[in-house]
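Q: I would like a close look at one part of this model, taken together with its surroundings and with the chain as a whole. Please take it step by step and keep the reasoning visible.
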Amino acid sequence: MSQQPPRDTKPRAEKEFVALWEQHQRKLFLLCLRLMGGHRADAEDALGNAALCAFRNLPPSQALANPKGWLAQVARNACLDLLRARTREWRSRAETQDTSAPSELERLRDTRPNPEDHCLQRESVVWLGRALRTLPPHLRKPLLQRARAVPYSRMAQQSPVTEVNLRRRVREAKRLLRGCLECALTGGR
């Protein structure tokens, strides 16, 4: 009894496709990644769809003049199909969504301030108070009045300084205040 070599279970066309796909898969993935706007999961989905489509529609090897170009076109089409499907899905969701009711995400969102935000806000107020106290009085007063939305014209009526000079003082106070706060936030660096 002679022993026969094991029969290859994969047809020749399937082997040729696997070899061709493995040869170009990396470049096709990069193409899909670029076309899908850098979203890796979407690129992987499109690449999987492209592989199925290419395998199902693979022409005979002698009829395929430019296999790399053909695979790239299949990958492009798979990306476009996926983008079109997602666009249709988003549009249908937007049309069916009741805009008067809050979305599920809005209902689930916790609107209470978290402890970290609360501490940062308190600390910011402390730093702002310290920085304001470092300003000379002739700059601090006009800045605080502007913070209370007092118009320059009314400030000029109540002050011996002209409106133009008040604007300059507020601008200078903001510059000094910004420098103090930046120094405080960077730790004096």
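Which residues does arginine 76 touch, not counting residues up to four places away in sequence?

A: In this predicted model, arginine 76 touches Leu31 and Leu35 once residues up to four places away in sequence are left out of the count. Arginine 76 itself lies in helix α3, which spans residues 67–96. Its relative accessible area is 35%, and because the buried class ends under 20% and the exposed class begins over 50%, arginine 76 is classed as partly exposed. A further reference point for arginine 76 is alanine 50, which is 26 residues away along the chain, with the two C-alpha atoms separated by 8.3 Å.

Alanine 50 leads to the pairing of α3 with α2, since Ala50 is one of the α2 residues that meet α3. Helix α2 covers residues 40–56, and its axis lies 8 Å from that of α3, the two helices packing at an angle of about 125°. Roughly perpendicular pairs end at 115 degrees and roughly antiparallel ones begin over 145, and α2 and α3 are therefore oblique to each other. The crossing in which α2 passes α3 is right-handed.

The residues that make up this contact can be set out helix by helix. From α2 come Asp42, Asp45, Ala46, Asn49, Ala50, Cys53 and Ala54, while α3 contributes Trp70, Leu71, Val74, Ala75, Ala78, Cys79, Leu82 and Arg86. Sorted by character, the residues of the contact of α2 with α3 divide into 11 nonpolar, 1 polar and 3 charged.

The wider chain gives the setting for this pair. Its secondary structure comes to 8 helices and 0 strands, so that, read from the N terminus, the elements run α-α-α-α-α-α-α-α. Of the 189 residues in the chain, 21% are buried, and the accessible surface comes to about 14,900 Å², with carbon and sulfur atoms accounting for 53% of it. Among contacts between residues at least 6 apart in sequence, 59% join residues at least 24 apart.

Other parts of the chain also bring together positions that are well separated in sequence. Threonine 134 has its place in helix α5, which covers residues 115–134, and at 51% relative accessibility it counts as exposed, because the exposed class takes in values over 50%. Its C-alpha atom is separated by 8.5 Å from that of cysteine 180, although the two residues are 46 apart along the chain.

Helix α6, residues 137–147, offers several positions that can be described in the manner used for arginine 76. Arginine 140 is placed in α6 and, at 26% relative accessibility, counts as partly exposed; leaving out residues up to four places away in sequence, arginine 140 touches Leu132, Arg133 and Leu135. The C-alpha atoms of arginine 140 and leucine 177 are separated by 9.6 Å, while the two residues are 37 apart along the chain. Lysine 141, also found in α6, is exposed, with a relative accessible area of 55%, and lysine 141 and alanine 173 are 9.5 Å apart in space, C-alpha to C-alpha, and 32 residues apart in sequence.

Glutamine 145 lies in α6 as well, but with a relative accessible area of 15% it is buried. Leaving aside its neighbours within four places in sequence, glutamine 145 is in contact with Val150, Met155 and Gln158. Beyond α6, alanine 149 is found in the loop that leads to α7, residues 152–157. The phi angle of alanine 149 is near 65°, which is a positive value in a residue other than glycine, and at 59% relative accessibility alanine 149 counts as exposed.

To return to the request, arginine 76 is a partly exposed residue of helix α3, in touch with Leu31 and Leu35, and that helix packs against α2 in a right-handed crossing.

Notes. Residues numbered from 1 in each chain as written. Predicted model: local features only at pLDDT ≥ 70, side-chain atom pairs only at ≥ 80, totals over all residues. Heavy atoms only, no water. Helix = DSSP H or I, 4+ residues; strand = E, 2+ residues; numbered from the N terminus. Buried < 20%, exposed > 50% of the residue type's maximum accessible area, 1.4 Å probe, protein only. Contact = heavy atoms within 4.5 Å. Areas by Shrake-Rupley, 256 points an atom, 1.4 Å probe, with all protein chains shown as cover. Axes fitted to C-alpha atoms, helices over the stretch in contact; angles between N-to-C directions. Parallel < 35°, antiparallel > 145°, perpendicular 65-115°, else oblique. Left-handed = near helix turned anticlockwise from the far one by under 90°. Nonpolar A, V, L, I, M, F, W, Y, C, P; charged D, E, K, R; others polar.
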